Amino acid sequence: MRWFKTLIAAACAAFALPLAAQSAAPAAIQAEQREPITILISLDGFRPDYLARGLTPNLEQLAAGGVKAAMIPSFPSLTFPNHHTIATGLRPDRHGIIGNTMTDPSHSPDFWVGGTDAWWWNEALPIWVAAERAGIPTATEIWPGTTVATNGIFPTDWHQFGFTIGMRQRTDSIIDWARRPAANRPRFMMLYIEELDHAGHEFGPDSPEVNETLAALDLQIGRMRDELASMGQPANLVVVSDHGMAARSEDRVIALYKEIDGLGVAVEQGAYSSINPLEGKDAALAEVLLKPHDHMQCWRKSELPARFEYGKNARVPEFFCLGETGWAVRGKAPKPGDTPWNGGTHGWDNQDPLMRAVFIANGPAFKSGVSLPAFDNVDVEPLLRELIGLPSHDAEIDGSASVFRDALAR
Ligand code: AMP
Ligand code: ZN
Ligand code: ZN
């Protein structure tokens, strides 16, 4: 019964307090002064001109009250290479995630987007690993590369990928992490949402389905902003995408698999096809590929145009055939039941405006109403370093935070 006596004694003591002390009690439990956190949000396949469709009022409001730009993706304009560029400040050639599918003669299994083999990710140090090493707790919601032990390290909190984990559930994870007490609240979070990319692939960038998904995405962004505000949590939100989207059609498919049959093997196919020669067939394959083609151009990896900054990494296959935007390259023979190549895709020339990505930043670190000229997505990682308090390492990477000089509030 000792606990009961203690409880009663405490209750009596409370009633015995002078009136002035009792009225001071609410002040003692006043709201915590929260430190700003940083949240990087990727909306896969969000083309910057989607913002002009009048379907995304919350994103437009964030842009108007912050910083907005079109962002130039790295080559090739695919999901995994570009997410890792955004997270490392390095071009794909230097961070090693040079495609969504990769092979390496010295290593197995091959890389695929759902793989759990960390070996493929160890050529570069992404920001969530740098943050963890510096004692900055991070939480990542399905960001590519965070679901394997990149450089031997997982974020403090992370969730496994799942197609059925939709945009609302992913957004809730971020809100829940932000709601934690200061002692175990992440200071840097990364959120990845993919539905817009799926709608773009299946139905094309100008479809009603893309428009519906835009509106749904915008609601989640607005909900996150409101929830953060209602818990008094200041946040620097950095909204990006990995690439844009352009229409494709079965009427514009190059049947390259017929020409390379018996000579080479396609590693990737789609907006481009990357191909390795079969043993002893390099010269014959070169003869077939390096001649002029309608709507497609092929290079040896060593001869790719310098502006792509691509082809030095050992993982890049020997030949690279890039379709003209809108034209797809079928490097592998189609199988019965394959989905027709209609709707839309990406992976084309990263300088094409249709491949461009979006950038919106809003929060205490940013000025309001800033519109920046288009910049390269290698510049995002150095900006994030500044926001979360990691030292700059511009000399070691391909990007620099200097493009944001006039956009930062300090
Ligand atoms: P793409 O958009 O064509 O470059 O292909 C990338 C696709 O990979 C995205 O649309 C996602 O649906 C999917 N994806 C992203 N992360 C994962 C993952 N961890 N496991 C499996 N698929 C993923
Ligand atoms: Zn993508
Ligand atoms: Zn995609």
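## A tour from the zinc pair to the core

Start with the two metals: the zinc ion (ligand 2) and the zinc ion (ligand 3) lie 4.1 Å apart. Keep in mind that this is a predicted model.

**Stop 1: the donors.** Select the zinc ion (ligand 2). Its protein donors are Asp-44, which is listed twice through OD, Thr-79 through OG1, Asp-242 through OD and His-243 through NE2. They sit 2.0 to 2.8 Å from the ion. Along the sequence, the donor residues follow the spacing D-x34-T-x162-D-H.

**Stop 2: Asp-44 and Thr-79.** Select this pair next. Asp-44 is in the loop between strand 1 (37-43) and helix 3 (57-64). Thr-79 belongs to helix 4 (residues 79-88). The two are 35 residues apart, so the pair links distant parts of the chain. Are they buried or exposed? Asp-44 has a relative accessible area of 1% and is buried. Thr-79 is buried too, at 8%.

**Stop 3: the largest nonpolar core.** This core holds 38 residues. Select Leu-40, Trp-143, Val-238, Phe-359 and Phe-366, which have the most contacts inside it. Helix 4 supplies at least two residues of this core. So do other elements, including strand 2 (67-72), helix 6 (127-133), strand 8 (235-240) and helix 12 (380-388).

**Stop 4: Phe-366.** Zoom in here. Which residues does Phe-366 touch, leaving out those up to four places away in sequence? Among them are Val-67, Asn-236, Val-238, Ala-361, Leu-383 and Leu-387. Ala-407, Leu-408 and Ala-409 are also touched.

**Stop 5: a second core.** Finish with Leu-62, Leu-196, Ala-199 and Val-358. They are included in a separate core of 34 residues.

Terms used:
Residues are numbered from 1 along each chain as its sequence is written. Chains are lettered from A and ligands numbered from 1 in the order in which they are written. This is a predicted model: local features need pLDDT of at least 70, side-chain atom pairs count only at pLDDT 80 or more; totals for chains, interfaces and linings use all residues. Side-chain values use heavy atoms; hydrogens and water are left out. Donors are N, O and S atoms within 2.8 Å of the metal (3.2 Å for Na, K and Ca); water is not among the atoms, so sites may look incomplete. Helices (H or I, at least four residues) and strands (E, at least two) are DSSP runs, numbered from the N terminus. Buried means under 20% relative accessible area, exposed over 50%, partly exposed in between (1.4 Å probe, protein chains only). A nonpolar core is a set of buried Ala, Val, Leu, Ile, Met, Phe, Trp, Tyr and Cys residues joined through side-chain atoms within 4.5 Å. Contact means heavy atoms within 4.5 Å.
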